[in-house]
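Dear colleague,

Please find below the structure I promised to hand over. My findings follow it, arranged by region.

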Amino acid sequence: MSVLAVENLRTEFFTRAGTLRAVNDVSFTLERGEILGLVGESGSGKTVTGFSLLGLVDAPGRITGGSVKLGGTELVGMAQDDLRARRGREISMIFQDPIATLNPMLSIGQQMRMALEAHEKLSRRAADARAAEALGRVGIPSPAARLKAYPHQFSGGMRQRVAIAIALLHSPSVIVADEPTTALDVSIQAQILHQVKELAAETGTAVIWISHDLAVVSSLASKLLVMYAGRVVEQGPTAALLRDPRHPYTRGLIDSLPASTSPGELLAQVPGTTPSLLALPPGCPFAPRCARSADACTTMPDPTEEAGRSYRCHVPVGAQGAVA
Ligand SMILES: Nc1ncnc2c1ncn2[C@@H]1O[C@H](COP(=O)(O)OP(=O)(O)OP(=O)(O)O)[C@@H](O)[C@H]1O
């Protein structure tokens, strides 16, 4: 059984300007220890998808349809108390800015003890041992001594490692990481990615890694989910999507990677901008930016399944039988 099975998930915000469908008919599964990359431009619905999985969407937003099964248990519609009991223990989230989740007034040890005590009864000594072990696992030197330190005494990269250690404390089955390394410099980012990959393999924790940066997620994730305007437009094994994308938007993201560009050449960009989710064109939301757009694109394409991958496009790139 998949650790997480998401089916036709829909999350909407009911704003004064109208109803905004931030997550629209999103379906995917996640296996034990798997790292899934969720990629797409700003505003495509990645963060709201992450929040929806943890039941963290607040008014004026709410989940209006679909299913999120964690280890076979339905989370959509679950009472807040029950959800709270699962958050942190079975599914947890890491944010871009660890300062937002770490309390500046408490030492790291105190915060880790509190996180442990929220779900388990254990002595202070046992809690400290668990906390130090968790810090050690994410590559923090002298972890037992560092328990006494406060968040400001850590560098940005170390703070993010602490946040990852806290998220891993209960060995949850799923961690949702929302751009956790975006603010860090490239070498620190690479170290953290490497460590997360090792931890996922060791502990069996599955990870959903959210990023706007295809280069980052594709170095980490074995499976990719490409989002555009609230929808998953393409998903499948990372290698297959990079080598042979079907959706023109995925193709555009690949073409704008630095590795696809010669030195001195300007980075290509997907032309145009993300549409407002309040005023989506009828049919395929990418059509106004798409060089392959055709008459058929005025209707929303259903997902086409193909050997372990799927995409929503009437005029896919390079698919058998399609216009090349
Ligand atoms: N509290 C809210 N009220 C109204 N609309 C919201 C709210 N939160 C998010 N949205 C809208 O939902 C859509 C998806 O936003 P989301 O943050 O998930 O995008 P994203 O892909 O994560 O982008 P980014 O990389 O910029 O975080 C956006 O149009 C956003 O304006």
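In which sense do strands S1 and S2 pair, and over how many bridges? The two strands run antiparallel to each other, and 9 bridges link them. Please bear in mind throughout that this is a predicted model.

The sheet containing S1 and S2

Strands S1 and S2 belong to an open sheet of 4 strands, ordered S2-S1-S4-S5 and paired in the antiparallel sense. Its edges are S2 and strand S5 (73–74), each of which has a pairing partner on one side only. Helix H1 packs on this sheet, where it touches S1, S2 and strand S4 (61–70). The direction of H1 makes about 70 degrees with that of S2. Within the pairing of S1 with S2, Thr11 is found opposite Val23 of S2.

Two backbone details deserve your attention in this part of the chain. Most residues other than glycine have a negative phi, and most peptide bonds are trans. Asn8, which lies in strand S1, has a positive phi, near 45 degrees. The peptide bond between Ala59 and Pro60 is cis, with omega at about 10 degrees. Pro60 is located in the loop that runs between H1 and S4.

The surroundings of the ligand

There are 16 residues around the ligand, and those that come nearest are Ala22, Ser42, Lys46, Thr47 and Val48. Strand S1 (4–15), strand S2 (18–30) and helix H1 (46–53) are the elements that give two or more residues to this shell. Which element gives the most? That is H1, with 3 residues. Sorted by class, the shell consists of 6 nonpolar, 9 polar and 1 charged residues.

The sheet of 8 strands

A further open sheet is formed by 8 strands in the order S6-S7-S8-S3-S9-S10-S12-S11, and its pairing is mixed. Strand S6 (91–94) and strand S11 (304–306) are the edge strands, each pairing on one side only. From one strand to the next, the twist averages 20 degrees. Strands of a sheet pair through backbone hydrogen bonds, either parallel or antiparallel. At the S11 edge, that strand runs antiparallel to strand S12 (residues 309–311), and 3 bridges join them. Glu306 has Arg309 of S12 opposite it.

The packing of helices H4 and H5

How do helices H4 and H5 pack, and how far apart are their axes? Helix H4 (residues 108–117) meets helix H5 (residues 124–137) at an angle of about 110 degrees, and the axes are 9 Å apart. H4 is therefore roughly perpendicular to H5. On the H4 side, the contact is made by Gly109, Met112, Arg113, Leu116 and Glu117. H5 contributes Arg124, Ala127, Asp128, Arg130, Ala131 and Ala134. By class, the residues of this contact comprise 5 nonpolar, 1 polar and 5 charged.

The annotated domain

The UniProt record, an unreviewed entry, places the feature "domain: ABC transporter" at residues 4–254. In the model, the end C-alpha atoms of that span lie 27 Å apart. The span is 39% helix and 28% strand.

With kind regards

How values were computed:
Residues numbered from 1 in each chain as written. Predicted model: local features only at pLDDT ≥ 70, side-chain atom pairs only at ≥ 80, totals over all residues. Pairing = 2+ DSSP bridges. Axes fitted to C-alpha atoms, helices over the stretch in contact; angles between N-to-C directions. Near = placed C-beta within 6 Å. Nonpolar A, V, L, I, M, F, W, Y, C, P; charged D, E, K, R; others polar. UniProt positions renumbered as here; feature names shortened; annotations may be inferred. Contact = placed C-beta atoms within 7 Å. Parallel < 35°, antiparallel > 145°, perpendicular 65-115°, else oblique.
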